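Hi,

I'm passing on the model we talked about, with my notes below it. Could you have a look at it before you read on?

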Amino acid sequence: MNPAPYPHAARMSLRDVSVEFDGQMALRNVSFDVDAGTLMGVVGPNGAGKSTLFNAIAGLLPVRRGKVTLHRVDRRSGALAYVPQRESVNWRFPVTAMDVVMMGRCCRLGWCRRPGKRDRELVDACLYRVGLWDHRSALMTELSGGQRQRVFVARALTQEATVLLLDEAFSGVDAGAQEGLVEVLQTVRNEGRIVLLATHDLTNLAGRFDQVLCLNRHVCACGPPDEVFTSEVMEQLYGAHGVRLANDGEGGKRR
Amino acid sequence: MIEFFVAPLQYGFMVRALIGSVLVGVMCPLVGAYVVTRNLAFMGDALAHAVLPGMVLGFIVGINPAIAAVPTGVAVAVLVRIVSRRAGFSTDTSIGILFAAMFALGLAMLSLSTTIRVDMEDLLLGQLLAISPTDIYVSLGITTVVILGLFALHHWLLFASFDPVGSQVVGARANIVDYVLLVMLALVIVIGIQAAGVILVMAMLVTPAATAYLLVRRFVSMMMAAAAIGTAAAVTGLYISYHFNLPPGPAMTLVASGIFALAISFRRRVPA
């Protein structure tokens, strides 16, 4: 399943990680490993601690106990790209798709340097790659939910990130566009990058991930999609409703 | 018609006032573009009031009040961030506390001091027509620093303004960029206070940038349009004040507000 190793293959491992959020223990004893070239879906209901997990990995929240290890990932040089939830982006700020993708060059440029020809070429190439070349001059507010997510993926590519974290990536994205987004992420994964995508609604796309982490304040299950979606795990995640989903085969087993 | 523009310039104070109004008209809206798109208007208003103790101190020890206002503004800008982070209050609340405290400190210093006689109205409404050569040099110095800052940090400023969380992940730089923006805000407010005073500096900071937001698409064009509108409003206001014997601050404000009202009728964008 894993393709040839990426030149700077990253690896991520979490050991007994506990994280507090708003005075409550939002995550308890979370342990899992992710190898280079893995597309991992992080699923769980609202309030399951998916964002907390991402914030802890990204270094935005302190880890109370345990350890997050990112092998060969230097956050300062942009090796870790974070695509935030819709709500934490300032949509009032008028930037085009091209402007946003150029933001990925910030950490490579350092302080006072301005982007050069190479940076602009890379931005163009990444926009083309995610299929948004025709929309490069569109304002972010003029793009659909799925297109916005693809702009953020292009930004992660110009940032030369080896780890991508996409928080609630499917919210406000219709089914067809979700499929398109996953396809783009699969090509990104094929280069050896690690992609973690959090979503609260279990779509039939869950089967397209290499690994699925089922999270509800602790790890309920972690593994390939056709192994993790058992009735027992679904009940831990979503209660009785989850069991019905699993029995109906909507929990990712269809593919 | 030419007489209308040239006649006032036979006076030295009018030439200085014209230079001052161009600097205010360009600089306040350039930084104001960030103020409008990042909801920093209250912060700007607070900074304008909070530099009062610095200016009063300047009068007392006999240095140019604009020079004394610079460190005060910078200190308050940094304090607001620290208070809101440490005490866990919203930025609004922290601004409210510091804003009132600093303004009160300035008023107390003003009434306790027996050596200075400053007209409160001058502080509140600005004294563009009495602007000194030193004031102009201070404004030119600030202009150079802020333009260099805006240019050098442009992409970081865009990143931190559009996606605060994503930019923080990439490094602590995003945090520093936010501080630098607040410092630049404090600096242009010092230029603005000289011309329009503590209260009406808001008109130069917010109104031209808000007008530009309605008219153009991209952020960079918005900065340019805001600077053009700000300059037009400031210079027109100055001439109106000369010919119709009005104080310049209110005249500039009214022109800027008039342009804004026109823009609302012809806008391309509905604010998000």
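**What I found**

Asn39(B) comes after helix H2(B) and has a positive phi, near 55°. Helices (H or I, at least four residues) and strands (E, at least two) here are DSSP runs, numbered from the N terminus.

Before the rest, some housekeeping. This is a predicted model, so local features need pLDDT of at least 70 and side-chain atom pairs count only at pLDDT 80 or more, while totals for chains, interfaces and linings use all residues. Residues are numbered from 1 along each chain as its sequence is written, and chains are lettered from A and ligands numbered from 1 in the order in which they are written.

**Chain B: helix H2 and what touches it**

H2(B) covers residues 12-37. The expected span is 1.5 Å times one less than the number of residues, so its 26 residues should span 38 Å, and the end C-alpha atoms are indeed 38 Å apart. There is still a kink of about 30° in H2(B), centred on Val31(B); the bend at a residue is the angle between axes fitted to the seven residues ending there and the seven starting there.

How much of H2(B) is buried? The count is 19 of its 26 residues, so the rest of the structure largely encloses the helix. Buried means that 20 or more other C-beta atoms lie within 10 Å of a residue's own, exposed means 12 or fewer, and partly exposed is in between, with C-beta atoms placed from the backbone.

Ala209(B), in helix H12 (residues 207-215) of chain B, is worth a click. Because it has 27 other C-beta atoms within 10 Å, Ala209(B) is buried. Its C-alpha is 8.6 Å from that of Val31(B), although the two are 178 residues apart along the chain. Leaving out residues up to four places away in sequence, Ala209(B) touches Pro29(B), Gly32(B), Ala33(B), Val35(B), Val36(B) and Ala226(B). Contact here means C-beta atoms, placed from the backbone, within 7 Å.

**Chain B: helix H4 and Tyr179**

In H4(B) (residues 52-61), the buried residues include Leu52(B), Pro53(B), Gly54(B), Met55(B), Val56(B) and Gly58(B). Among the elements covering the buried residues of H4(B) are helices H3 (41-50), H5 (65-86), H6 (91-112), H7 (120-125) and H11 of chain B. Just after H4(B), Gly62(B) has a positive phi of about 80°.

Tyr179(B) sits in helix H11 (residues 173-205) of chain B. Tyr179(B) is partly exposed, because 14 other C-beta atoms lie within 10 Å. Again not counting residues up to four places away in sequence, Tyr179(B) touches Val78(B) and Arg81(B).

**Where the chains meet**

The contact between the chains takes 23 residues from chain B and 31 residues from chain A. On the chain B side, the elements giving two or more residues are helices H9 (154-162), H10 (164-170) and H13 (219-244). That side divides into 13 nonpolar, six polar and four charged residues. Ala, Val, Leu, Ile, Met, Phe, Trp, Tyr, Cys and Pro count as nonpolar, Asp, Glu, Lys and Arg as charged, and the others, Gly among them, as polar.

**Chain A**

Chain A has nine helices and nine strands, and 48% of its 255 residues count as buried. The domain assignment splits chain A into domain 1 (1-73 + 163-255) and domain 2 (90-161); such bounds come from an automatic or database domain assignment. Domain 1 puts 14 residues into the contact and domain 2 puts in nine. On the domain 1 side, strand E6 (163-166) and helix H6 (175-190) of chain A are the elements giving two or more residues, and H6(A) gives the most, with seven.

Strands E8 (residues 211-215) and E9 (residues 219-223) of chain A run antiparallel, joined by four bridges; strands pair if DSSP finds at least two bridges between them. E8(A) and E9(A) form a hairpin with three residues between them, and Arg217(A) in the turn has a positive phi of about 70°. Leu215(A) has Val219(A) as its bridge partner in E9(A).

Two more backbone oddities. Asp16(A), in strand E1 (residues 11-21) of chain A, has a positive phi near 50° without being a glycine, and it counts as exposed, with 12 C-beta neighbours inside 10 Å. Glu160(A), in the loop between helix H5 (145-158) and E6 of chain A, has a positive phi near 60°.

Cheers

Key: Two residues are in contact if their C-beta atoms, placed from the backbone, lie within 7 Å.
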